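Work through these exercises with the structure open beside you. Try each task before reading its solution.

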Amino acid sequence: MQKRIWENLSSFYLIGIGGVSMSGLAKFLLAKGKTVAGSDACAGDYTAELIKSGIKVSVGNVSESIAAYDAVIYTDAIREDNRQLAEAKSLKKTIFSRGQFLYEVSRTFKTVVAVSGCHGKTTCTAMLAHIFSAANKQFCAHIGGRDKTFSNTYYCGNSYFLTEACEYKKNFLLLKPDIGVVLNSDADHLECYGNKENLTAAYRQFLSGAGVSVAPFGDKVAGGITFGYSKNADYHAKNVKSIGGFYSFTACEGASELGSIKLSVYGKHNVLNALAAIAVARSAGIPFNLAKEGITAFSGVERRFEIIGTVNGAPVIADYAHHPNELRATIKTAKKLTSGRLFVVFQPHTYSRTKNLFKDFVKALSPLNNLLIYRTFAAREYFDDAGSALTLSQSLKKSKYADDPLSLSDYFSLAKQGDTVLVLGAGDIYDIAKSVLKTI
């Protein structure tokens, strides 16, 4: 196989190295024997992990030179006027965006499996890592979260590349998967696509470039292999039951029953994630018994209905949910597990998402009696009052607003034995909540 351009380079500098995908790429490069360094605006668990592995990471308002490195990879979260990126351009370094480099990496593997969709990408990709491990396959998993076994990256050979395919800025269209998966096509990132129809068209384009396509039965993007609850889906579930929030079901392939599975993670939505993973496994020639073994072994990903502590005897559960439909699913699961009151903290993620889906957020959150809206995690965006957390809170009559950890501490302390505290959002609320819990 002909070497790709990046394989001929020996040193890489990653701008925004602390992100989940970027840190995963850094780990992969290190595993391939490359010299790796990088910078990030903030320190975090991933930067600490990279430093421990021997990678030089600079944190804060970084101005160090990248002249000594052969190539630069940058995350979409940084701005075009970033000093290090500007230097890389002036020095005519080999430069990749995160999405471009992910594609280049994928091309070094015999088979690429790419998982896209508004929700569930991380869980499904992690499930696949456990399935391919159970099947003793040589693979690399690039996961958008910290799996309890594989973390966010695992590499043991070049046969299969299992990766999330993010629709932000149409990055997933850069990938050319052998097996392409769309888990769902709910409206999101409308600041990029303009409307739901354009997003749907992008998902269709993504699947059209795949050798094998997997999509939900009845979805507008569906074609090829389908999954769902309908008996007309190629892979469907029946005898779906819940015991304490953990679901079991019988997996079917067409008219044939493959066998029963009991999930080790909370929530009915994970039945569909498991069905999609089974469809991929079967397409890769993996027997059902090994797919079942892998799915059963999967015990969750950080920030996916993760218990991060307790307050006054009440569990505090964190979840990455940041889309209205994700909020509904997570809140529904929490309500089933709670004998007392449910206290919810939600941090909106980006002004544009809140603005574009404002009515859906209000509809998803308005039934809650105990709700705290925490300041917006802006990520790459500038302030927009129409999509701010305060504006959202003002539209929810029973909600409170907070923008500091002390207010969060006071809110947590209202919970008692039998209650549940749910912390929702994809921003820094996770780290803030964990820090607050240490002080209570």
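**Exercise 1.** Decide whether Ser151 is buried or exposed. Then find its partners.

*Solution.* This is a predicted model. Start with the accessibility: Ser151 has a relative value of 15%. Buried means under 20%. So Ser151 counts as buried. Next, place the residue: Ser151 belongs to strand β8, residues 151-155. Now list its contacts, leaving aside neighbours within four places in sequence. They are Lys27, Glu49, Ile143, Gly145 and Arg146. With Lys27 there is also a polar contact between the side chains, at 3.2 Å.

**Exercise 2.** Check the length of helix α7, then find which face is buried.

*Solution.* Count first: α7 covers residues 196-208, which is 13 residues. At 1.5 Å a residue, the helix should span 18 Å. Its end C-alpha atoms are 18 Å apart, so the two values agree.

Now mark the buried residues of α7: Leu199, Thr200, Ala202, Tyr203, Phe206 and Leu207. Look down the axis. These residues fall within an arc of 155°, so they line one face of the helix. The spacing fits a general rule. An α-helix has 3.6 residues a turn, so residues three or four places apart point the same way.

Turn to the face directed away from the buried side. There you find the exposed residues Glu197 and Ser208. Last, inspect the N-terminal end of α7. Asn195 caps it, with a side-chain oxygen 3.2 Å from the backbone nitrogen of Glu197.

**Exercise 3.** Explain why strand β6 is described as largely enclosed, and name the strands that it pairs with.

*Solution.* Strand β6 spans residues 111-116. Six of its six residues are buried, so the rest of the structure largely encloses it. Sort the side chains by direction. Thr111, Val113 and Val115 point one way, and Val112, Ala114 and Ser116 point the other way. Both sets are buried.

Then find the pairing. Five bridges join β6 to β9 (residues 160-164), and these strands run parallel. Four bridges join β6 to β10 (residues 179-182), again in parallel. Use Ala114 as a marker: it stands opposite Thr163 in β9 and opposite Gly180 in β10.

**Exercise 4.** How many residues does the largest nonpolar core have, and which element gives it the largest share?

*Solution.* The largest core has 45 residues. Those with the most contacts inside it are Leu128, Ile131, Phe132, Leu162, Phe249 and Leu263. Helix α8 (residues 269-283) supplies the largest share, nine residues. A second, separate core has 38 residues, including Leu29, Val112, Leu207 and Ala215.

**Exercise 5.** Test the length of helix α10 and say what its buried residues pack against.

*Solution.* Helix α10 runs over residues 324-337 and has 14 residues. From its first C-alpha to its last it reaches 20 Å, close to the 20 Å expected. Its buried residues are Pro324, Glu326, Leu327, Thr330, Ile331, Thr333 and Ala334. They pack against several elements, among them α8, β15 and β17.

**Exercise 6.** Which of Asn239 and Thr350 is buried, and which is partly exposed?

*Solution.* Begin with the backbone. Asn239 has a positive phi of about 55° although it is not a glycine. Thr350, also not a glycine, has a positive phi of about 75°. Now place them. Asn239 is in strand β13 (residues 235-243), and Thr350 is in the loop between β18 and α11. Finally, compare accessibility. Asn239 is partly exposed at 48%, whereas Thr350 counts as buried at 1%.

Key:
Residues numbered from 1 in each chain as written. Predicted model: local features only at pLDDT ≥ 70, side-chain atom pairs only at ≥ 80, totals over all residues. Heavy atoms only, no water. Helix = DSSP H or I, 4+ residues; strand = E, 2+ residues; numbered from the N terminus. Expected span 1.5 Å × (residues − 1). Buried < 20%, exposed > 50% of the residue type's maximum accessible area, 1.4 Å probe, protein only. Arc of directions from axis to C-beta. Polar contact = N/O pair within 3.5 Å; in protein donor to acceptor, adjacent residues only side chain to side chain. Contact = heavy atoms within 4.5 Å. Pairing = 2+ DSSP bridges. Core = buried A, V, L, I, M, F, W, Y, C linked by side-chain atoms within 4.5 Å.
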